[in-house]
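Colleague: Before I rely on this model, I should like the reasoning behind several of its labels. Please set each value against its criterion.

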Amino acid sequence: MNAIITNPIFLVVVGTIGFAICAPIVGCLLAGLERKISARMQGRVGPSILQPYYDVRKLIEKDDVSVNGADGIYVSCALIFTFLAGGIFYSGQNLLLCIFIITLAVLFFIIAAYSTRSPYAEIGAHRETMQVMAYEPMVLLMAVGFYMATGTFNVGGVFFLNTPMALPLIGILIGLVFILTIKLRKSPFDLSYSHHAHQEIVKGITTEMSGKTLAQVEIMHWCETVLFLGWTGMFFVWGGPAFLLVGIVAALVIWFFEIWIDNNFARVKWKSMLKWAWLVALIAGGLNIVVLAFI
């Protein structure tokens, strides 16, 4: 019985089911709280914290209107792989595999946009591809730094550290916070898909998506938010589960910082995004890796 409980596959299955149930709830509340915080920053009252839930429920009740039904299949695959990536991470398993799986989910999302054959959606897919090219080097450097700091790719390795990873991996943490703006689709890097109505005449990569398909996209974004905040929070966890609260608080502080950036910076062109993301990855992440290699 103990062998089954400690089996990595069993842990991933349980973690995936738990993530698929809990992450949409937590992500929905975070999305509602984000709207409230953004409104306060702009001198407005803002909608109810549960407004994202009401929006998605309304989308689920609507019919899908699409020129190509394949986009719904691709989005469903993207959502499933997002659940799997979250399950791998929060069950304490392989971080590198988690990164590969969440990247696969993004690729399915891009294919969904291309399958609609809409010029607006295709432009959004092009921009989404550029975003992947911008942030992926830094994400891979994060995995390398994690291995150098813990000696393993298993997320559970942070509980055996004597100090938080944020100390030896401060450069990688800075790089992660920078590209997190891209991952969370916030200004100045919300090039392919903005959550703000004033940013787009059409909705970029989701232009041709509606009804249940668009609802799945929103749920996927909620789950991505919970997963990426978990990535940042693990830099502040060490010495056992008792320090999980420190990681949660640190992740929420960084999340608030990302909201502040979103409300204070205008969108940039894709060339600037690509240049800055790679420079940060090279300088902050690359130098951090070099320093660790010689310590």
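Colleague: Why is Cys77 called partly exposed?

Modeller: In this predicted model, Cys77 has a relative accessible area of 25%. Buried requires a value under 20% and exposed one over 50%, so Cys77, at 25%, is classed as partly exposed.

Colleague: How do you know that Cys77 is in no disulfide?

Modeller: The nearest cysteine sulfur to that of Cys77 belongs to Cys223 and is 15 Å away. A disulfide requires two cysteine sulfur atoms within 2.5 Å, and therefore Cys77 does not qualify. Cys98 is likewise in no disulfide, with the sulfur of Cys223 as its nearest, 12 Å away. The search of the whole structure finds 0 disulfides.

Colleague: What makes Cys98 buried or exposed?

Modeller: The relative accessible area of Cys98 is 0%. The limit for buried is under 20%, so Cys98 is buried.

Colleague: Which residues lie nearest the centre of the second largest pocket?

Modeller: They are Phe89, Tyr90, Gly230, Leu244 and Ile248, out of a lining of 21 residues. The volume of this pocket is about 530 Å³.

Colleague: Which elements give two or more residues to the lining of the second largest pocket?

Modeller: These are the helices H2 (8–41), H4 (70–90), H8 (211–233) and H9 (244–262). H9 gives the most, with 5 residues.

Colleague: How many residues of each class does the lining of the second largest pocket have?

Modeller: The lining has 15 nonpolar and 6 polar residues. Asp, Glu, Lys and Arg count as charged, and the lining has no residues of that class.

Key:
Residues are numbered from 1 along each chain as its sequence is written. This is a predicted model: local features need pLDDT of at least 70, side-chain atom pairs count only at pLDDT 80 or more; totals for chains, interfaces and linings use all residues. Side-chain values use heavy atoms; hydrogens and water are left out. Buried means under 20% relative accessible area, exposed over 50%, partly exposed in between (1.4 Å probe, protein chains only). On a 1 Å grid over the protein atoms alone, a cavity is a set of points where a 1.4 Å probe fits but cannot get out, and a pocket is an open set with protein on both sides within 12 Å along at least five of seven lines; lining residues have an atom within 4 Å of a point. Grid points are joined across faces, edges and corners, and a volume is the space filled by probe spheres set on the points. Helices (H or I, at least four residues) and strands (E, at least two) are DSSP runs, numbered from the N terminus.
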